[in-house]
Amino acid sequence: MTSRTVTLLDVARAAGVSKSTVSDALQGSGRVAAATRDRVRAVAEELGYRPNSAARRLRRSSTGAIGLHLPRTATRLDYYMNLAFGAVERAQEEGFDVMLLAPTGAAGGGEGSSDSAGPTSPAGAASPANGPIASRVDGLLVIDPEVDDSAVPGLLDAGVPVVTGERYLGPTAAPTGAVICDNAASLTALLDHVTERGARHPAVLAPAGTSAWATALRATATSWARERGVAVALRTVPFAATPGEAEETTLALLRTDPSVDAVICAPDGAAPGVLRAAATLGRPVGPDAPPAAAPHARTATGALPRTPLLIASCVDGTATRSAEPPVTAVDLRPAAYGRACAELLCDILAGRTTPDTVRRHAWALETRAST
């Protein structure tokens, strides 16, 4: 079957079923027994069958594309890039291209709006100049939607299925489906971990913003402190705080309150800034670190602050894994999360699951030398 294109009929003959059964099995539609579906897919893969995507789109009046909307700061963060690649990979398995939507132009333009071509799409995001988004995609993925993102209401009301990565806390229409993480549980796990390792006065550098993730972390820091009877120094930093911004905030925090003995930094990639602040102030990092101090790092009383400092991050990534020492972090598994969001949207589009489906995505706590 290598000298010509493999057809549905070729697969049907090899699998011993009808052409319509092959079509249903490969598209996940119809009433095909699981064993038959698996056999058909195995035969199709063995023969090297590739669906005629153009014909499929004509039959189902489909564009063959899904839209992906990320937060405005996404291009600066490894987390969202890994998430996007996971979504693209899963969508391609279903025969969909992915169109990356402009942060502000996707819902109808606005100051600073621009088109941006997606990883596998020849076209940019929809705007008044190039047509309604519903005419360009079969469905939408909206990741970490923020209440103050003016694009989100229009996307939710675009007339196509919408899956959000995390819940949308705004007042407009609910998405068709969602994939969520238990962000309160992940920060609780970090706070419990640092206190189990000896911290008595932890601090949290929580993200600003109106996404479900940012809102949950700020609320959890407050509720955990109240429930445990432990003072938590809560500081708000930008949603995509740079290492420099995290360093500046940590320096001010530790100079004002030297009794802080653990810092949990929320934003992706910002933890190295906390490490630099600790080094500047002569605070050894890790529960078993030997005492150390910078020559001129003194508190307001003149004493050298030698108390070990524990450091952790709410988002794992290259910056936390390669830091010295490596930083304890929550692995949110962004590529798998992107796949899960795309899979739910594909399942909704194919009728394999019902609207209003909410799926949960698992995270893992990676403990390292910093705690």
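A residue is called buried here when its relative accessible area is under 20%, exposed when it is over 50%, and partly exposed in between. Keep that scale at hand for the exercises below, which all concern a predicted model.

**Exercise 1. Getting your bearings**

Task: State how many helices and strands the protein has, and what share of its residues count as buried.

Solution:
- Step 1. Begin with the secondary structure: there are twelve helices and twelve strands.
- Step 2. Turn to burial. The protein has 371 residues, and 49% of them count as buried.
- Step 3. Look at the surface as well. About 16,400 Å² is exposed, with carbon and sulfur atoms supplying 51% of that area.
- Step 4. Finish with the contacts. Among those with a separation of 6 or more, 65% join residues 24 or more positions apart.

**Exercise 2. Helix α10 and what surrounds it**

Task: Find which residues of α10 are buried and which elements they pack against.

Solution:
- Step 1. Apply the burial scale to α10: Ala-271, Gly-273, Val-274, Leu-275, Ala-277 and Ala-278 are buried.
- Step 2. List the partners of these buried residues. They pack against the strands β6 (202-207), β8 (262-265) and β9 (310-313), and against the helices α9 and α11.
- Step 3. Go past the end of the helix. Gly-282 follows α10 and has a positive phi, near 70°.

**Exercise 3. How α9 meets α10**

Task: Describe the packing of α9 on α10, with its angle and axis separation.

Solution:
- Step 1. Take the geometry. Helix α9 (residues 243-256) packs on helix α10 (residues 271-280) at about 40°, and the axes are 7 Å apart.
- Step 2. Classify the angle. Because 40° falls outside the parallel, antiparallel and perpendicular ranges, α9 is oblique to α10.
- Step 3. Add the hand: the crossing of these two helices is right-handed.
- Step 4. Name the residues. From α9 come Pro-243, Gly-244, Ala-246, Glu-247, Thr-250, Leu-251 and Arg-255, and from α10 come Gly-273, Val-274, Arg-276, Ala-277 and Thr-280.
- Step 5. Sort them by class: five are nonpolar, four polar and three charged.
- Step 6. Check a neighbour in α9. Glu-248 belongs to this helix and is exposed, at a relative accessible area of 60%. The C-alpha atoms of Glu-248 and Gly-273 are 7.9 Å apart, although 25 residues separate them along the chain.

**Exercise 4. Two further helix pairs**

Task: Give the angle and hand of crossing for α5 with α12 and for α7 with α8.

Solution:
- Step 1. Start with α5 (residues 78-93) and α12, whose axes come within 6 Å and cross at roughly 40°. These helices are therefore oblique to each other, and the crossing is right-handed.
- Step 2. Pick out residues of this contact. Those in α5 include Tyr-79, Leu-83, Gly-86 and Arg-90, and those in α12 include Pro-334, Tyr-337, Gly-338 and Ala-342. By class, the contact of α5 with α12 divides into eight nonpolar, three polar and five charged residues.
- Step 3. Move to α7 (residues 183-196) and α8 (residues 212-228), which pack at about 45° with their axes 9 Å apart. This pair is therefore oblique too, and α7 and α8 make a right-handed crossing.
- Step 4. Pick out residues again. Leu-187, Leu-191 and Thr-195 are among those of α7, and Trp-213, Leu-217 and Trp-224 are among those of α8. The classes in the contact of α7 with α8 are eight nonpolar, four polar and two charged.

**Exercise 5. Loops worth a closer look**

Task: Decide whether Glu-146, Glu-166 and Arg-333 are buried, partly exposed or exposed, and note their backbone or contacts.

Solution:
- Step 1. Glu-146 lies in the loop between β3 (139-143) and α6 (151-156). Its relative accessibility is 9%, so Glu-146 counts as buried. Beyond its sequence neighbours up to four places away, Glu-146 touches Arg-72, Val-152, Tyr-168, Gly-209, Thr-210 and Ser-211.
- Step 2. Glu-166 sits in the loop between β4 (162-165) and β5 (177-180). Glu-166 is buried at 5%, and its phi is positive, about 80°, although it is not a glycine.
- Step 3. Arg-333, in the loop between β10 and α12 (334-349), also has a positive phi, about 50°. With a relative accessible area of 34%, Arg-333 is partly exposed.
- Step 4. End with a peptide bond: the one from Glu-324 to Pro-325 is cis, with omega near 0°. Pro-325 is in the loop between α11 (318-321) and β10 (328-331).

Terms used:
Residues are numbered from 1 along each chain as its sequence is written. This is a predicted model: local features need pLDDT of at least 70, side-chain atom pairs count only at pLDDT 80 or more; totals for chains, interfaces and linings use all residues. Side-chain values use heavy atoms; hydrogens and water are left out. Axes are lines fitted to C-alpha atoms, for helices over the stretch in contact, and angles run from 0 to 180 degrees between N-to-C directions. Helices (H or I, at least four residues) and strands (E, at least two) are DSSP runs, numbered from the N terminus. Angles under 35 degrees count as roughly parallel, over 145 as roughly antiparallel, 65 to 115 as roughly perpendicular and the rest as oblique. A crossing is left-handed if the near helix is turned anticlockwise from the far one by less than a right angle, and right-handed if clockwise. Contact means heavy atoms within 4.5 Å. Ala, Val, Leu, Ile, Met, Phe, Trp, Tyr, Cys and Pro count as nonpolar, Asp, Glu, Lys and Arg as charged, and the others, Gly among them, as polar. Buried means under 20% relative accessible area, exposed over 50%, partly exposed in between (1.4 Å probe, protein chains only). Accessible areas come from the Shrake-Rupley method with a 1.4 Å probe; for residues, only the protein chains shown count as cover.
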